[in-house]
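Reader: I should like to learn how sheets and helix contacts are to be read in a model of this kind. Please take the features one at a time.

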Amino acid sequence: MVHDDEPVLLGRTGGTARITLNRPRALNALTHPMVVTIAAALDRWEHDPGVTAVILSGAGERGLCAGGDIRAIHEDARTGGGASAAFWRDEYRLNSRIAHFPKPFVALMDGIVMGGGVGLSGHAGVRIVTERSAVAMPETAIGLVPDVGGTYLLARAPGQLGTHLALTGNTAGAADALLCGLADHFVPSERLTALGEALAAPGVRDTADVRETVLRYAATPPEGRLAADRAWIDACYGAGSVPEIVERLLDSGLPAAKDTAQTLLSRSPTALKATLAAMRRDGPPSTLEEVLDRAYRASCAALTHPDLVEGIRARVVDKDRDPRWSPKELAQVTEADVARFAAPPPGGDLGLAGGTAHLAP
């Protein structure tokens with residue numbers, strides 16, 4: 001029996017299977033048991049001829065998923081546990097699983113979609129944003145490198161837009177998410193219920209049917225910001241290092257660029273440099289699995305770096321928004337500091353790149 005208080009609700013309507021993240025008071029933050037539940041459901045549905053498509057959504061009206069449960073990660077990093085590494089191993093495998101799922105996988109990216117929420121939705125076959133969507137990879141604000149294949153997606157955005165989003169952690173609305181390749185279609189939120197019913201109709205049986213159905217409900221999104229800002233973003237983020245990027249932003253004479261420089265200077269200096277290295281490495285021809293393997297290395301390295309505990313403390317625990325980074329300045333972050341984020345973790349690599357991995361039953 002399925003209870004409404006379970007963190008993941010699974011259901012069927014016609015040939016459409018539904019995954020609903022059900023922690024609305026926590027913005028549907030993702031936990032390890034939720035990852036395992038979703039992976040097991042996909043294993044069942046892949047081999048069920050009665051399932052023709054899968055729809056992912058979030059309970060409540062605030063968002064699909066605000067990311068992983070970073071309070072739990074904070075406690076694990078603070079006490080030196082191994083729960084976070086185990087969570088990431090299964091989470092990143094699930095990200096790959098979704099990317100290669102053989103049936104149409106539709107992600108309703110309504111509201112807040114951050115971090116782990118991007119991992120669940122950004123690799124889906126059909127990605128839908130609404131006027132309420134706020135898509136972001138805000139990891140540098142808590143001492144992490146964007147993970148869950150976020151750098152894979154952002155490294156393929158036009159020009160330097162992805163680098164801008166990866167370093168700042170800024171949110172992208174519907175139009176900007178579409179521009180950057182984080183989503184495929186804009187559907188007004190008031191049409192989502194009708195779209196779900198249409199996708200469950202007997203005639204919707206394959207990806208072409210799903211896309212045709214989505215297009216009937218799609219519309220033109222409200223204008224975004226990044227297209228107008230691209231000239232200065234491309235010019236500034238084309239620099240060879242984070243300090244050079246900051247210098248170009250400050251010297252640009254543009255208020256928006258100067259504000260962006262201040263945003264970067266508030267982020268973890270170590271995470272910024274490790275993120276830029278990841279963005280320059282994770283574009284074509286890297287595969288998603290190679291990028292997820294690298295993300296696992298970076299996330300495990302962050303567990304033993306003081307910025308992770310401090311960043312989550314300042315942003316989520318004490319909420320003083322005054323992190324004391326170590327090192328404090330970009331100039332103090334060495335090449336060896338950045339290299340640690342690309343080194344194999346003590347427990348071994350994730351090993352996805354050798355083939356698409358499934359979660360063990």
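**Sheets and helix contacts**

Author: Three strands form an open sheet with parallel pairing, in the order β4-β6-β8. This is a predicted model, in which local features need pLDDT of at least 70 and side-chain atom pairs count only at pLDDT 80 or more, while totals for chains, interfaces and linings use all residues. Residues are numbered from 1 along each chain as its sequence is written, and side-chain values use heavy atoms, with hydrogens and water left out.

Reader: Which strands stand at the edges of the sheet β4-β6-β8, and why is one side of each left without a neighbour?

Author: In general, strands of a sheet pair through backbone hydrogen bonds, either parallel or antiparallel. Strands here are DSSP runs of E with at least two residues, helices are runs of H or I with at least four, and both are numbered from the N terminus. Two strands count as paired if DSSP finds at least two bridges between them. The edges are held by β4 (63-65) and β8 (134-136); each has a single partner strand, so one side of each lacks a neighbour in the sheet. From one strand to the next the twist averages 15 degrees. β4 pairs with β6 (residues 112-114) in the parallel sense over two bridges, and C65 has V113 of β6 as its bridge partner.

Reader: What is the order of the six strands in the open sheet with mixed pairing?

Author: The order of that sheet is β1-β2-β3-β5-β7-β9. Its edge strands, β1 (8-13) and β9 (185-186), each pair on one side only. Within the sheet, β2 (residues 16-21) and β3 (residues 53-58) are parallel partners over six bridges. A17 stands opposite V54 in β3, and I19 has L56 of β3 as its bridge partner.

Reader: How many of the six residues of β3 are buried?

Author: Buried means under 20% relative accessible area, exposed over 50%, and partly exposed in between (1.4 Å probe, protein chains only). By that criterion β3 is mostly covered, with five of its six residues buried. P255, in helix α12 (residues 255-265), is exposed, its relative accessible area being 59%.

Reader: At what angle do α1 and α3 pack, and how far apart are their axes?

Author: Axes are lines fitted to C-alpha atoms, for helices over the stretch in contact, and angles run from 0 to 180 degrees between N-to-C directions. Helix α1 (residues 32-46) packs against helix α3 (residues 83-99) at about 30 degrees, with the axes 9 Å apart. The two helices are therefore roughly parallel to each other, a term for angles under 35 degrees. Among the residues making the contact (heavy atoms within 4.5 Å) are V35, L42 and E46 of α1 and F87, L94 and R97 of α3.

Reader: Which residues make the contact between α2 and α15?

Author: The axes of α2 (residues 70-79) and α15 (residues 306-317) come within 9 Å and cross at roughly 145 degrees. The contact involves I70, R71, I73, H74, A77 and R78 of α2, together with L308, V309, I312, R313, V316 and V317 of α15.

Terms used
Angles under 35 degrees count as roughly parallel, over 145 as roughly antiparallel, 65 to 115 as roughly perpendicular and the rest as oblique.
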